[in-house]
Amino acid sequence: QVHLVESGGGLVQPGGSLKLSCTASGVTEQITSMGWYRQTPGKDSEAVAIITPEGRRNYKNTVRGRFTISRDDNKNTIFLQMNNLKLEDTAVYLCYAVVWEAGATIGVNVYGNGTLVTVSS
């Protein structure tokens with residue numbers, strides 16, 4: 001099994017920055033891509049950013065240029081640097097990992113419990 005723990009959320013003013021971290025434990029060799037979703041009450045979950053094992057990145061259009069995803073494979077950790085935060089970035093941010101169990105034909109997303117980011121003046 002893979003277990004994910006996020007940290008780094010908090011309260012920040014508009015225009016401010018936060019850096020989220022997500023550390024994986026367990027059978028980490030089964031992990032391929034990792035990324036971040038976010039959830040806001042009353043709205044569908046949004047995919048925010050993803051990074052592949054090769055380091056390719058993709059972002060939600062509204063965060064591209066403001067957010068940067070990175071990974072440290074030695075520490076089984078990914079990061080989300082969030083700059084120029086806006087009110088609409090307020091959400092619970094959940095880390096996820098695409099896990100390929102032995103013999104599986106498809107990867108399965110495993111999620112952390114999330115960390116709350118509140119952007120408010």
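**Strands, turns and a trio of tyrosines**

Met34 sits across from Ile51, a residue of strand β5. That pairing is a handy way into this predicted model, since it belongs to a stretch where β4 and β5 run antiparallel to each other, joined by 5 bridges. The two strands make a hairpin, with 6 residues separating them. In the turn, Gly42 shows a positive phi of about 85°.

Moving along the chain, β5 also pairs with β6, again in the antiparallel sense, this time over 3 bridges. Here Ala49 has Tyr59 in β6 as its bridge partner. β5 and β6 form a hairpin too, with 5 residues between the strands, and Gly55 takes a positive phi near 90° there.

The loop between β5 (46-51) and β6 (57-59) is also home to Thr52. Is Thr52 buried or exposed? Its relative accessibility comes to 14%, so it counts as buried, the cut-off being under 20%. Leaving out residues up to four places away in sequence, Thr52 touches Ser33 and Arg71.

Now for the rings. A pair of aromatic rings is described by how far apart the centres are and by the angle of the planes. The model holds 3 aromatic pairs. In one of them, the ring centres of Tyr37 and Tyr111 are 5.9 Å apart and the planes meet at 65°, so this pair is edge-to-face; the angle has to be over 60 degrees for that label. The two residues come from distant parts of the chain: Tyr37 belongs to strand β4 (residues 31-39) and Tyr111 to strand β10 (residues 108-111), which puts them 74 residues apart. Tyr37 has a relative accessibility of 23% and therefore counts as partly exposed. Tyr111 is partly exposed as well, at 40%.

Tyr111 has another ring partner in Tyr96. Their centres are 6.0 Å apart with the planes at 40°, so this pair is tilted. Again the pair links distant parts of the chain, with Tyr96 in strand β9 (residues 91-99) and Tyr111 in β10, 15 residues apart. With a relative accessible area of just 6%, Tyr96 is buried. Put together, Tyr37, Tyr96 and Tyr111 make up one aromatic cluster.

One more ring deserves a look, and this time the partner is a lysine: Lys19 lies over the face of Phe79, 4.7 Å from the ring centre.

Key:
Residues numbered from 1 in each chain as written. Predicted model: local features only at pLDDT ≥ 70, side-chain atom pairs only at ≥ 80, totals over all residues. Heavy atoms only, no water. Phe/Tyr/Trp six-rings, centres within 6.5 Å; stacked < 30°, edge-to-face > 60°. Helix = DSSP H or I, 4+ residues; strand = E, 2+ residues; numbered from the N terminus. Buried < 20%, exposed > 50% of the residue type's maximum accessible area, 1.4 Å probe, protein only. Lys NZ or Arg CZ within 6 Å of the ring centre and 35° of its normal. Contact = heavy atoms within 4.5 Å. Pairing = 2+ DSSP bridges.
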